[in-house]
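Please walk through this structure with the viewer open, pausing at each selection before moving to the next.

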Amino acid sequence: MGKKSQQKQLANQQNQLKKPLIILSILSVLLIIYVYNTSVYDLHQFENLIKENEIIHYCQNFSQCNGSQNCQKFMTHCNECQDYKLVSDPRFQEWDFKWDFYHFRLNYSKNKTFQIGNKIQNLQDLLGEKINFLELLKNFDKKQTQYKLKSSKFIPQTYVVNLRNQSIGEDEQKLYDTNQKYWIFKDPSKYGGEGIVILETMKEIKDYIKNLKTNIKNNILPKQQTKNQKIDYDVIVQKYIENPLLLQNRKFDIRNFVLVASTEPFLVLFNDGYIRKTIENFDMNIKPFNQQVQLKHLTNTSMQEKSPKWNIKSEQDKHSCTYEQYLKELKFEHNMNEEQIGKMKNEIVRIVAYIFAAAIEKLDRYPGSFHLTGLDFMLDDNFKVYFLEANQNPRLQEKHIGEKHVSPQIAEDLVDIELQLQGIQDKVERNRLLQNPHKYFNLKGWEILINEAQNYNILSEIEQNELKTQSKRIQNDNITDTTGNKNIQDL
């Protein structure tokens, strides 16, 4: 047999083998593309939920958008049961479940009565826009009388300077009157550590603000991060925490996650998240303020990735740890006991509950909407808790230990919780089941902060427990006094 004949026979054999594979591939694609409409799910058979109900998973510009890593996490979870299809057409509206980076791209269909989308329309504006967020809390502080907590207890001293005002504004003058050292400047329109400057003396601060105002006056505008991004003419100036609590001489923050799982009624859930640390050791030598200084002060991953040490695995592993490891380090390095750790955790939860209590009054209630937020906190060396910022598009990647531990579970939880919860389209029935949420819903790994169906806010519970503890302590002191021990005032 000639060489050409052998090659022809081999090609025929390969073609014969390809035919069934092609048919199988076509059938697989058709199976994935066939999508059931969202229906009311049987809560008692939830373990079969995803297997029995297919969903459309949609992410615009999947390969390019900043949320693509988050989308990948959801796809990985859904792919086990082949219950999604990826749609890249931005005009597509017939989705059942949609994850997108921007709230304005949740293009709802007029033909579907119920769709599950990962953005609450105005939550980004309320919590994600720094100036709006400060105004929200300021107004809530004045209005509410139910809670003892006020935002001044957990947000460092903050001023907003209007750069279009060539004279000295009210907030600007208050800043100068403090005559304190070390302030951090935050550009409200930027994120990921961009647009942040730390200055030491008040003269440096005045000169810096004057230079910004001169640039605005001369139409020298700040560089935009995206083509459609608006220019911000305000700058946030905040008292820098000079004495942060350190772990192995490095600064850290706590990235918690909050899920607004439902808006009708409101259900707000909390997850401990993970810890992010600087790779470089901390010190207050900030001059000149360059990238090397930023690496000692800014803990976010997008900043730490710029470190020359990031490509060294042993150094990269220093950047984060799990929440459980963090608690161990607190006990070992700072001799914190269980009671102190409990107070720290309660304070964080208390602050989160206060923030969302302020936001809930103004949030859009759209059927099927939910929202994942990342909240960042830090502690000073007296264990005082400070709130840093809210991220409305928290990354669910796996670039470091903390993310690898948390991101896959959160992605899985979101799909499970939302399909289970939002699948109950009848508001009255959903409200009834949320009267006893742990009985009917799988919320493992999440703590309930607010449950409107029960008229419950954990903040009230924490403050009531504190009053009981104080009352008990006073009673014990009185008992001690009556046993014959002298009161200190009598000595």
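**Whole chain**

Begin with the full protein chain, a predicted model, in which 16 helices and 16 strands can be picked out. Colouring by burial is a useful first view, since 49% of the 491 residues in the protein chain count as buried. The protein chain exposes about 25,600 Å², of which carbon and sulfur atoms supply 49%. If you draw the contacts between residues at least 6 apart in sequence, 67% of them join residues at least 24 apart.

**An open sheet and its helices**

Next select β5, β8, β6 and β7, which in that order make up an open sheet of 4 strands with antiparallel pairing. Strands β5 (158-162) and β7 (196-199) stand at the edges, and because each has a single partner strand, one side of each is left without a neighbour in the sheet. From one strand to the next, the twist averages 25°.

Zoom in on β5 and β8 (residues 234-239), which run antiparallel and are joined by 5 bridges; within this pair, Asn 162 stands opposite Asp 234 in β8. Now add helix α5 (residues 130-143), which packs on the sheet and touches β5 and β8, its direction making about 60° with that of β8. Then add helix α6 (residues 170-178), which also packs on the sheet, where it touches β5, β6 (183-186) and β8, and whose direction makes about 130° with that of β5.

**A pair of helices**

Move on to helix α11 (residues 323-334) and helix α12 (residues 338-360), which pack with their axes 10 Å apart and at an angle of about 130°. At that angle, α11 and α12 are therefore oblique to each other, and their crossing is right-handed. To see the side of α11 that takes part, show Tyr 323, Tyr 326, Leu 327, Leu 330 and Lys 331, which meet Glu 338, Ile 341, Met 344 and Lys 345 in α12.

**A single residue**

Finish at Gln 304, in helix α9 (residues 301-304). Is Gln 304 buried or exposed? Its relative accessibility is 0%, so Gln 304 counts as buried, the cut-off being under 20%. Which residues are in contact with Gln 304, leaving aside its neighbours within four places in sequence? Select Lys 277, Thr 278, Ile 279, Leu 295, Leu 298, Thr 299, Trp 310 and His 319 to display them around Gln 304. As a last check with the distance tool, the C-alpha atoms of Gln 304 and Gln 316 are separated by 8.7 Å, the two residues being 12 residues apart along the chain.

Definitions and conventions:
Residues numbered from 1 in each chain as written. Predicted model: local features only at pLDDT ≥ 70, side-chain atom pairs only at ≥ 80, totals over all residues. Heavy atoms only, no water. Pairing = 2+ DSSP bridges. Helix = DSSP H or I, 4+ residues; strand = E, 2+ residues; numbered from the N terminus. Axes fitted to C-alpha atoms, helices over the stretch in contact; angles between N-to-C directions. Contact = heavy atoms within 4.5 Å. Buried < 20%, exposed > 50% of the residue type's maximum accessible area, 1.4 Å probe, protein only. Areas by Shrake-Rupley, 256 points an atom, 1.4 Å probe, with all protein chains shown as cover. Parallel < 35°, antiparallel > 145°, perpendicular 65-115°, else oblique. Left-handed = near helix turned anticlockwise from the far one by under 90°.
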